[in-house]
Amino acid sequence: PFNSSHNEALFCVFDGHGCNGEKVSEFCMKAIPAALQEHGDELRSHPEEVLTKAVCSVDKAVLKKNGGQFARSCGTTSTIVYINGSTLWAA
């Protein structure tokens, strides 16, 4: 269950790289689902838009964290899948 519904699901895989990549992955692992749940009703009606905004917002937060030092020589790749009923979206 995701977004207070048994009809929705969220699956995320983060693969950190660089000297502190695991920290970036952990940050994103918490921030992406939180950002999506924050806009839960919008996610149901406009999933593509909300997924894009959430990923871009978290990306900006990673780049700003600790004055830009957090992700200076590391980062993460991600695969995010949101399912609502029998339809899925990937980011």
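Visitor: Which residue in β3 is the bridge partner of Tyr82?
Guide: Trp89 is the bridge partner of Tyr82. Ile83 has Leu88 as its bridge partner in β3. Strands here are DSSP runs of E, at least two residues, and helices are runs of H or I, at least four, both numbered from the N terminus.

Visitor: What kind of model is this?
Guide: This is a predicted model, where local features need pLDDT of at least 70 and side-chain atom pairs count only at pLDDT 80 or more, while totals for chains, interfaces and linings use all residues. Residues are numbered from 1 along each chain as its sequence is written, and side-chain values use heavy atoms, with hydrogens and water left out.

Visitor: Back to the strands. How many bridges join β2 to β3?
Guide: Four, and the two strands run antiparallel. Strands pair if DSSP finds at least two bridges between them. β2 covers residues 74-84.

Visitor: What links β2 and β3 in the hairpin?
Guide: Two residues lie between them. Gly85 in the turn has a positive phi of about 65°.

Visitor: And the whole sheet: what is the strand order?
Guide: β1-β2-β3, three strands in an open, antiparallel sheet. β1 (8-18) and β3 (87-90) stand at the edges with a single partner strand each, so one side of each has no neighbour in the sheet.

Visitor: Which strands does α1 lie across?
Guide: Helix α1 (residues 21-38) lies across β1 and β2, at about 160° to β1. Angles run from 0 to 180 degrees between N-to-C directions, with axes as lines fitted to C-alpha atoms, for helices over the stretch in contact. Helix α3 (residues 47-64) packs on the sheet too, touching β2 and β3, at about 160° to β2. Contact means heavy atoms within 4.5 Å.

Visitor: At what angle do α1 and α3 pack?
Guide: About 140°, with axes 10 Å apart. That makes α1 oblique to α3. The classes: under 35 degrees is roughly parallel, over 145 roughly antiparallel, 65 to 115 roughly perpendicular, the rest oblique.

Visitor: Which residues meet there?
Guide: Among them are Val24, Phe27 and Ile32 in α1, and Val50, Leu51 and Val58 in α3. The contact has 14 nonpolar, no polar and no charged residues. Nonpolar covers Ala, Val, Leu, Ile, Met, Phe, Trp, Tyr, Cys and Pro; charged covers Asp, Glu, Lys and Arg; the others, Gly among them, are polar.

Visitor: New topic. How many salt bridges?
Guide: Three, counting a side-chain nitrogen of Lys or Arg within 4 Å of a carboxyl oxygen of Asp or Glu. One of them joins Arg44 and Glu8 (2.6 Å, N to O).

Visitor: Where do Arg44 and Glu8 sit?
Guide: Arg44 is in helix α2 (residues 40-45) and Glu8 in strand β1, 36 residues apart.
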